Amino acid sequence: MMEILPLLVFTTCSGLAAGAYAVDTLCLSGHGTVKGGPKSWFFPLTCLILLAVGLLATLMHLGQPLRFINGMANPGSMISQESYWAIAFGVVLVVDTVLTKMKGEPNRIVRWVGTVAAFGLMIVTSIAYFDAVWLPAWNTAAALPFFVLGDLAAGAALVLFFAGEEQASPLYRACIAGAIAWGVSIVAYWLHLGSVGIDGAVPLCLGLIVGPGVMGALSAVRLAGKVDAKMAAIAVLVAAVIGLVIVRIVFFASGVGF
């Protein structure tokens, strides 16, 4: 389990940050969430903290900082690409946090630039595992949507947590759409594991229910006005994060074992 922990923390934290940042920009046209008014800078700061935690986990995985530096020396490798995109995304998050703190609202150009970096990070992270041709559990096209759609779905839940009431409806719809797409990607990866003789049915089924199943159902119930807004936003986020952790534990455990 300790062997996969850094990979789990990195992909979960950095993916959640990137997915949330992208959803925030795409759903809110770069205007950003408004919960807390002048405190809207809490959102990019939260993404920055999540990314930082993920990068610290990467250092744990590599063992020493020098290996991180050496890992950036080969531009053609996915490890280097992950480093480049993570650094670029981190720089934009710092700029966004400072500007939003100073002006009380985000700069739309900065948000769109950051969204490009966020998508770059999500995509190269998924390709890094897809490229592991020596590991049948990872070497599948299903790994790409498995990671990217999971990041976006959980990211939508994080954005919802920060959003104001006037922004909630489109975000709940984004959570439902994200949950459906993410659920399909989990099933696709489930089928792949079966094709290579790996049994991940029980934990993947659990992750499918707890993650996209619960977050999608709760979002639909909230849109119908059947549950308290604050409790719904918290519950959707908790379900998304727990589901994300469960299915990624299965992914990494299937590749490298416990």
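This briefing walks through the overall fold, the salt bridges and one pocket of the structure above. Keep in mind that the model is predicted. The protein chain is built from 9 helices and 0 strands, and the structure holds 3 salt bridges. Two of the themes below, charge pairs and pocket lining, bring in helices H6 and H9: Asp 151 in H6 pairs with Arg 248 in H9, and both helices supply at least two residues of the lining of the second largest pocket.

**Overall fold**

- Reading from the N terminus, the elements go α-α-α-α-α-α-α-α-α, with 9 helices and 0 strands in the chain.
- The chain has 258 residues, and 50% of them count as buried.
- Take the contacts with a separation of 6 or more: residues 24 or more positions apart account for 78% of them.
- About 11,200 Å² of the protein chain is exposed, and carbon and sulfur atoms supply 74% of that area.

**The network around Arg 111**

- Start with Asp 24, which forms a salt bridge with Arg 111; their closest N and O atoms sit 2.7 Å apart.
- Asp 24 belongs to helix H1 (residues 5-28) and Arg 111 to helix H5 (residues 108-130), so this bridge ties together parts that are 87 residues apart in sequence.
- Arg 111 also meets Asp 96 in a salt bridge, at 2.4 Å from N to O.
- That second pair links distant parts of the chain too, with Asp 96 in helix H4 (residues 78-103) and Arg 111 in helix H5, 15 residues apart.
- Buried or exposed, how does Asp 24 come out? Asp 24 is buried, since its relative accessible area is 0%, and the cut-off for buried is under 20%.
- Asp 96 is likewise buried, with a relative accessible area of 0%.
- Arg 111 has 1% relative accessibility, so Arg 111 counts as buried as well.

**The Asp 151 and Arg 248 pair**

- Asp 151 forms a salt bridge with Arg 248, and the closest N and O atoms are 2.7 Å apart.
- With Asp 151 in helix H6 and Arg 248 in helix H9, the pair ties together parts that are 97 residues apart in sequence.
- Asp 151 counts as buried because its relative accessibility is 4%.
- Arg 248 is at 0% relative accessibility, and so Arg 248 counts as buried.
- As for shared partners, salt bridges join Asp 24, Asp 96 and Arg 111 into one network.

**The second largest pocket**

- How much space lies in the second largest pocket? The answer is about 190 Å³.
- The pocket is lined by 13 residues, and the closest to its centre are Leu 160, Ala 163, Ala 229, Lys 230 and Ala 233.
- Helix H6 (143-162), helix H7 (165-195) and helix H9 (229-256) each supply at least two residues of the lining.
- Which helix gives the most to that lining? H9 does, with 4 residues.
- Sorted by class, the lining of this pocket has 8 nonpolar, 1 polar and 4 charged residues.

Technical notes. Residues numbered from 1 in each chain as written. Predicted model: local features only at pLDDT ≥ 70, side-chain atom pairs only at ≥ 80, totals over all residues. Heavy atoms only, no water. 1 Å grid on protein atoms, 1.4 Å probe; cavity = no way out; pocket = protein on both sides within 12 Å on 5 of 7 lines; lining within 4 Å. Points joined across faces, edges and corners; volume = space filled by probe spheres on them. Nonpolar A, V, L, I, M, F, W, Y, C, P; charged D, E, K, R; others polar. Salt bridge = Lys/Arg side-chain N within 4 Å of Asp/Glu carboxyl O. Buried < 20%, exposed > 50% of the residue type's maximum accessible area, 1.4 Å probe, protein only. Contact = heavy atoms within 4.5 Å. Areas by Shrake-Rupley, 256 points an atom, 1.4 Å probe, with all protein chains shown as cover.
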